[in-house]
Amino acid sequence: MCQETGRARLSYRRAEEIFEENTRLLANPLASPDDIEDLDGWTLHRLRHSALTHDAEDGTSTPMLLARSRHASVRSLERYARPGVDAVARHVAERDPAARRRNR
């Protein structure tokens, strides 16, 4: 029970169960709803690391990613914060001197 609100708190484990159960069809778009009990959904851990990847793609600095993720090293962070092909192409295009001259 939360002392400030008087309401029961949702444990991480229960939140994980609810999230996994409710993302089974999203995580398996070709599956039939009849098979939902046999499917695996997404995890909160995966959601957390997807957020890190999106932040990295949006240009968040490495020190900030480390602080937000609470990873101890860049090596552990790089497993999760992997910009996709489109993000890398956008990054390169934004920094291309020829493109900048064309856009003036």
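Here are some worked exercises on the predicted model shown above.

**Exercise 1: The overall build**

Task: Work out which elements the chain contains, and decide whether the fold is spread out or compact by the globule rule.

Solution:
- Begin with the inventory: there are seven helices and zero strands.
- Read from the N terminus, the order is therefore simply α-α-α-α-α-α-α.
- Next, compare radii of gyration. The globule rule gives 13 Å for 104 residues, but the chain comes out at 20 Å, well over that, so it is more spread out than a compact globule.
- For the outline, the C-alpha trace spans about 55 × 40 × 30 Å along its principal axes.
- Burial adds to the picture: 20% of the 104 residues are buried.
- On the outside, the chain exposes about 8,600 Å², with carbon and sulfur atoms supplying 51% of it.
- Finally, take the contacts with a separation of 6 or more: 31% of them join residues 24 or more positions apart.

**Exercise 2: Helix 3 and the core**

Task: Check the length of helix 3 against its number of residues, then find what its buried residues pack against.

Solution:
- Helix 3 covers residues 44–57. With 14 residues at 1.5 Å each, the helix should span 20 Å, and its end C-alpha atoms are 20 Å apart, which agrees. The expected span counts one less than the number of residues, if you would like to repeat the arithmetic.
- Now list the buried positions of helix 3: Leu44, His49, Leu52, Thr53, Asp55 and Ala56.
- These buried residues pack against helix 1 (12–22), helix 4 and helix 5 (74–78).
- Two of the names return in the largest nonpolar core, whose six residues are Leu52, Ala56, Leu65, Leu66, Leu77 and Ala81. Helix 3 and helix 4 (62–69) each supply at least two residues of this core.
- In soluble globular proteins, nonpolar side chains tend to be buried together.
- Zoom in on alanine 56. Beyond its neighbours within four places in sequence, alanine 56 touches Leu65, Ala81 and Pro83.
- Just after helix 3, glycine 59 has a positive phi of about 95°.

**Exercise 3: Pairs of opposite charge**

Task: Describe the salt bridges of arginine 14, arginine 24 and arginine 68, giving the partner of each.

Solution:
- The background is simple: side chains of opposite charge can pair when their charged atoms come close. The whole structure has five salt bridges.
- Start within helix 1. Arginine 14 pairs with glutamate 17 at 3.0 Å, N to O. They sit three residues apart, about one turn of the helix. Arginine 14 is partly exposed at 37% relative accessibility, and glutamate 17 is partly exposed at 35%.
- Move on to arginine 24, which forms a salt bridge with glutamate 20; their closest N and O atoms are 2.9 Å apart. Both of these residues are buried. A network of salt bridges links Glu20, Arg24 and Glu37.
- Finish with arginine 68 and aspartate 55, whose side chains meet at 2.0 Å, N to O. This pair links distant parts of the chain, with arginine 68 in helix 4 and aspartate 55 in helix 3, 13 residues apart. Aspartate 55 has 19% relative accessibility and the cut-off for buried is under 20%, so aspartate 55 counts as buried.

**Exercise 4: Three loop residues**

Task: Place threonine 23, alanine 31 and arginine 70 in their loops, and sort each as buried, partly exposed or exposed.

Solution:
- Threonine 23 lies in the loop between helix 1 and helix 2 (24–27). Its relative accessibility is 5%, so threonine 23 is buried. Outside its neighbours within four places in sequence, threonine 23 contacts Gly41 and Trp42.
- Alanine 31 belongs to the loop between helix 2 and helix 3. A value of 27% relative accessibility makes alanine 31 partly exposed. With neighbours within four places in sequence set aside, alanine 31 is in contact with Leu25 and Leu39.
- Arginine 70 is in the loop between helix 4 and helix 5. At 76% relative accessibility, arginine 70 is exposed.
- One more step concerns the backbone. Most residues other than glycine have a negative phi. Arginine 70, a residue other than glycine, has a positive phi near 60°.

Conventions: Residues numbered from 1 in each chain as written. Predicted model: local features only at pLDDT ≥ 70, side-chain atom pairs only at ≥ 80, totals over all residues. Heavy atoms only, no water. Core = buried A, V, L, I, M, F, W, Y, C linked by side-chain atoms within 4.5 Å. Buried < 20%, exposed > 50% of the residue type's maximum accessible area, 1.4 Å probe, protein only. Helix = DSSP H or I, 4+ residues; strand = E, 2+ residues; numbered from the N terminus. Contact = heavy atoms within 4.5 Å. Rg over C-alpha atoms; globule rule 2.2 N^0.38 Å. Areas by Shrake-Rupley, 256 points an atom, 1.4 Å probe, with all protein chains shown as cover. Salt bridge = Lys/Arg side-chain N within 4 Å of Asp/Glu carboxyl O.
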